[in-house]
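Visitor: Please take one part of this model and go through it closely. I would like a single connected account, starting from one residue and working outwards.

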Amino acid sequence: MRAKPIIALDFSGKNETEQFLQHFDHESLYVKVGMELFYKEGPALLVWLKELGHEIFLDLKLHDIPNTVYRAMKVLASLEVEMVNIHAAGGMEMMSAALKGLVEGTVTGKKRPEIIAVTQLTSTSEVQMQREQLIDHPLKDSVLHYARLAFLSGLDGVVCSALEAGAIRDETDANFLRVTPGIRLAGHSADDQKRIVTPKRAQEIGSTHIVVGRSITRAKDPVAAYQEVKSEWEMN
Ligand SMILES: O=C(O)c1cc(=O)[nH]c(=O)n1[C@@H]1O[C@H](COP(=O)(O)O)[C@@H](O)[C@H]1O
């Protein structure tokens, strides 16, 4: 069965989040809690979301020296979410340390959260990457390189654009997760995203998960937008 689309809860606080979730009645969702919401509300928000029956991707994108990431991951493991992430640019030593922290911090008898690494952000274009990161290669090569490093470090998958998902599957393993933000329904604004794909196309190319924020959260009818994303994603 295909994973539910992950809804990015990029809201200012619990009240706004609650107003949004009320639209969905008692439907169990896969939600992403990012820096804004987590910094505002802290772990209590995760407890509340779990009580409502939602699965959680805690998107804090750790990127620091290996020891710091190891220690932080031990703490994040205790929050018992489904998925966490780090930046692949932190290097293999950092990625291995993150995984070790997560394994050690997972409560006995509980499932370890999945851990994925951000390759190149979907808000980064090839020109931008080449100019600002001094990477003298096509963007796809950089994404594939980071994906290989994450795979060799024992991680569960990567965050990338759906445009790169098929190549990553072919270079790693069909079970290696390709979690892809930068998803837009046809005709919706790209906003700050550079590498965007529709839910249908993401499914065709090889994403294992899609992350959708503004196409749903800013829609006049968020439930209808979610259903549209879901039906495109689950087609075939
Ligand atoms: O790690 C992420 O979730 C992430 C990585 C990335 O490369 N691009 C990206 O957009 N995201 C997140 O995915 C969400 C996308 O939101 P929308 O652009 O509104 O659909 C945001 O919460 C971003 O923080």
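Guide: Lys 61 counts as partly exposed, because 15 C-beta neighbours lie inside 10 Å, and a residue needs 20 or more to be called buried. The model is a predicted one. UniProt lists Lys 61 under "active site", in an unreviewed entry. The residue lies in strand β3. Leaving aside residues up to four places away in sequence, Lys 61 touches Asn 85, Ile 86, His 87 and Val 118. Strand β4 spans residues 83-87 and β5 spans 114-118, which places the partners of Lys 61 on these two strands.

Strand β3 itself covers residues 55-62. On one side, β2 (residues 30-33) pairs with β3 in the parallel sense, over four bridges. Within that pairing, Val 33 stands opposite Leu 58. β3 is also joined to β4, again in parallel, by three bridges. Here Phe 57 of β3 has Met 83 as its bridge partner in β4.

Next come the helices that pack on these strands. Helix α4 runs over residues 66-77; its 12 residues reach 16 Å from the first C-alpha to the last, close to the 16 Å expected at 1.5 Å a residue. Its buried residues are Val 69, Tyr 70, Ala 72, Met 73, Leu 76 and Ala 77. An α-helix has 3.6 residues a turn, so residues three or four places apart point the same way. The buried residues of α4 pack against β3, β4 and α5.

Helix α5 (92-105) is one of those partners. It has 14 residues and reaches 20 Å between its first and last C-alpha atoms, close to the 20 Å expected at 1.5 Å a residue. Met 94, Met 95, Ala 97, Ala 98, Leu 99, Gly 101 and Leu 102 are buried in α5. Their cover includes β3, α4, β4, β5 and α7 (139-152).

Both helices contribute to the largest nonpolar core, which has 63 residues. Those with the most contacts inside this core are Val 69, Met 95, Ala 98, Ile 116, Ala 117 and Val 158. Val 69 is a buried residue of α4, while Met 95 and Ala 98 are buried in α5. Ile 116 touches Met 83, Asn 85, Leu 155, Asp 156, Gly 157, Val 158, Val 159, Leu 177 and Val 179, not counting residues up to four places away in sequence. Asn 85 is thus a contact of Ile 116 and also of Lys 61.

Around this part, the chain has 11 helices and eight strands. Its radius of gyration is 17 Å, close to the 18 Å that the globule rule gives for 236 residues, so the chain is as compact as a globular protein of that length. The C-alpha atoms fill a box of roughly 45 × 40 × 35 Å along the principal axes. Of the 236 residues, 42% count as buried. Among contacts between residues at least 6 apart in sequence, 69% join residues at least 24 apart. The unreviewed UniProt entry annotates residues 4-229 as "domain: Orotidine 5'-phosphate decarboxylase". Over those residues the chain is 45% helix and 16% strand, with the end C-alpha atoms 10 Å apart.

Key: Residues are numbered from 1 along each chain as its sequence is written. This is a predicted model: local features need pLDDT of at least 70, side-chain atom pairs count only at pLDDT 80 or more; totals for chains, interfaces and linings use all residues. The radius of gyration is taken over C-alpha atoms; the globule rule is 2.2 Å times the number of residues to the power 0.38. A residue is buried if 20 or more other C-beta atoms lie within 10 Å of its own, exposed if 12 or fewer, and partly exposed in between; C-beta atoms are placed from the backbone. Two residues are in contact if their C-beta atoms, placed from the backbone, lie within 7 Å. A nonpolar core is a set of buried Ala, Val, Leu, Ile, Met, Phe, Trp, Tyr and Cys residues joined through C-beta atoms within 7 Å. UniProt positions are given in the numbering used here, feature names are shortened, and annotations may be inferred rather than shown by experiment. The expected span of a helix is 1.5 Å times one less than its number of residues. Two strands pair if DSSP finds at least two bridges between them.
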